[in-house]
Amino acid sequence: MSTLYDERTQELIQQFRQHFDGEPTLVSAGPGRVNLIGEHTDYNDGFVLPVALKRDVRFVLRPRADRQVRLYSAEFGEEGSFDLDAIAFNRDKLWLNYIQGMAQSLEQEGLRLTGIDAVFSGNVPRGSGLSSSAALEVSTAHALLAASGQEGIIAGPRIAQLAQRAENKFVGVNCGIMDQFISELGRENHALLIDCRSLDYTLVPMPEEAALVIGNTRASRSLASSAYNERRRECEEGVALLQQVLPGIAALRDVSSEQLEANRHLLPENVYYRCRHVVSENERVLATVEALRQGDLAEVGALMNASHASLRDDYLVSSPALDTMVDAMRSVEGCYGARLTGAGFGGCAVALVKPGYEQAIADAVYEQYPKITSIWPEVYTTKAADGAQSAPLPSV
Ligand code: ADP
Ligand code: MG
């Protein structure tokens with residue numbers, strides 16, 4: 001509670017008073033995320049290692065006696081509303097669909113929700129690969145569950161799946177499970193190892209000497225979605241071809257580097273390189289977990305650097321902007337390693353940094369990156385934060 005009752009929440013309470021009569025009674029938050037390592041492994045049944053950010057999408061709300069959901073988006077300066085009994089895609093207010101989709105997904109699970117009045121806002125940058133969409137979905141889930149007195153009824157991993165279903169089926173974005181999972185289940189000062197096949201997960205303590213700096217390239221990601229679909233196809237083709245000799249495999253997750261090398265001749269060149277990224281990246285995720293447990297941050301940094309090289313050279317999803325960002329971060333003493341994070345082409349890079357060196361890295365990025373790209377970047381520092389939560393607000 002103490003962490004949720006801060007200046008941002010108080011500002012939302014002010015806005016609630018302006019839009020609705022009376023006081024909100026509840027607050028909910030869902031954080032954004034950054035993936036430390038394990039990129040493009042999720043849809044190959046592999047491993048990912050994200051952390052939740054100290055940035056979230058937050059609702060202040062009051063339950064209603066009926067089934068109306070009345071909302072005000074502080075960022076868009078827009079009102080939006082819907083009836084829980086008449087949920088339909090809204091072409092004009094895309095943000096409303098994340099909330100409607102989440103409500104529908106919860107009700108399809110057999111829960112009966114109650115309406116709410118709510119004001120919400122987020123400080124997760126939108127459309128930058130830090131998953132403001134999952135933050136919005138998961139925060140919505142907790143807002144609606146808390147309002148109807150049903151929080152705790154659904155386990156965290158299931159909430160994450162329901163949020164993913166909302167984004168896949170209602171909003172129409174083909175995302176994996178990682179973002180919703182970490183937004184729901186993140187823990188302060190921990191990364192979360194997720195097995196994207198079984199959905200088993202393990203909290204991995206982040207050593208004290210590890211801080212994170214995120215550089216937002218603010219470069220266009222227009223290539224990202226077509227390339228994403230193409231990479232997925234190439235991975236599927238790799239699995240189909242390798243199954244001729246490895247009938248036991250269901251996904252690239254099941255293939256070792258040795259098996260891939262031994263059967264390289266079966267694969268077209270492009271497919272081989274895509275597979276090599278996924279297979280080696282899965283191995284790097286597990287090696288990173290081991291290195292974190294040993295407190296060997298130099299090794300974690302080296303694995304992050306190797307991940308970037310593999311994404312750039314084998315998976316072909318980096319970009320000049322991302323490469324420039326990563327170079328700027330690595331140019332500073334105190335940077336253990338840096339890599340692009342998220343699907344690629346634009347979005348963000350993440351650096352693992354010795355505490356105390358965050359500002360030096362931000363300075364280097366602001367100094368070097370615009371000179372080469374002519375784009376003004378943004379830099380965020382964060383430590384691993386808690387996942388989604390809700391709390392009652394003190395009554396006035
Ligand atoms: P990402 O998840 O990488 O930030 P997406 O395109 O998946 O980018 O999701 C961004 C969308 O999520 C926004 O266009 C908007 O519709 C919705 N969204 C995220 N945060 C907010 C917010 N604070 N207020 C309103 N809508 C938001
Ligand atoms: Mg998203």
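**Note on the pockets, the two domains and Ser133**

1. In this predicted model, the lining of the second largest pocket is made up of eight charged, five nonpolar and four polar residues. The space in this pocket comes to about 320 Å³. Its lining has 17 residues, and those closest to its centre are Thr3, Lys54, Asp56, Ala385 and Gln389.

2. Two elements, β1 (26–35) and β3 (50–63), give two or more residues to the lining of the second largest pocket. Strand β3 provides the largest share, with five residues.

3. The chain divides into domain 1, which covers 7–206 + 385–392, and domain 2, which covers 211–382. Their C-alpha centres are 26 Å apart. In the contact between them, domain 1 takes part with 33 residues and domain 2 with 42 residues.

4. The largest pocket has a volume of about 1,100 Å³. It is lined by 48 residues, of which Ser133, Glu167, Val173, Asp179 and Arg221 are the closest to its centre. By residue class, the lining holds 19 nonpolar, 18 polar and eleven charged residues.

5. Where does the largest pocket lie with respect to domain 1 and domain 2? Both domains give residues to its lining, so the pocket lies between them.

6. Several elements each supply at least two residues of the lining of the largest pocket. The helices among them are α2 (94–108), α3, α4 (156–171), α5 (178–185) and α6 (224–242), and β6 (116–122) also belongs to the group.

7. Ser133 deserves a separate comment. Ser133 is part of helix α3, residues 132–147, and α3 is one of the elements that line the largest pocket. Is Ser133 buried or exposed? Its relative accessibility is 16%, and the limit for a buried residue is under 20%, so Ser133 counts as buried.

8. Beyond its neighbours within four places in sequence, Ser133 is in contact with Tyr98 and Glu167. With Glu167 there is also a polar contact of 3.3 Å between the two side chains. Ser133 and Glu167 are both among the residues closest to the centre of the largest pocket.

9. For a longer distance, take Ser133 and Gln368, which are 235 residues apart along the chain. Their C-alpha atoms are separated by 30 Å.

Technical notes
Residues are numbered from 1 along each chain as its sequence is written. Chains are lettered from A and ligands numbered from 1 in the order in which they are written. This is a predicted model: local features need pLDDT of at least 70, side-chain atom pairs count only at pLDDT 80 or more; totals for chains, interfaces and linings use all residues. Side-chain values use heavy atoms; hydrogens and water are left out. Helices (H or I, at least four residues) and strands (E, at least two) are DSSP runs, numbered from the N terminus. Buried means under 20% relative accessible area, exposed over 50%, partly exposed in between (1.4 Å probe, protein chains only). Contact means heavy atoms within 4.5 Å. A polar contact is a pair of N or O atoms within 3.5 Å; within protein, one must be able to donate a hydrogen and the other to accept it, and residues adjacent in sequence count only if both atoms are side-chain atoms. On a 1 Å grid over the protein atoms alone, a cavity is a set of points where a 1.4 Å probe fits but cannot get out, and a pocket is an open set with protein on both sides within 12 Å along at least five of seven lines; lining residues have an atom within 4 Å of a point. Grid points are joined across faces, edges and corners, and a volume is the space filled by probe spheres set on the points. Ala, Val, Leu, Ile, Met, Phe, Trp, Tyr, Cys and Pro count as nonpolar, Asp, Glu, Lys and Arg as charged, and the others, Gly among them, as polar. Domain bounds come from an automatic or database domain assignment.
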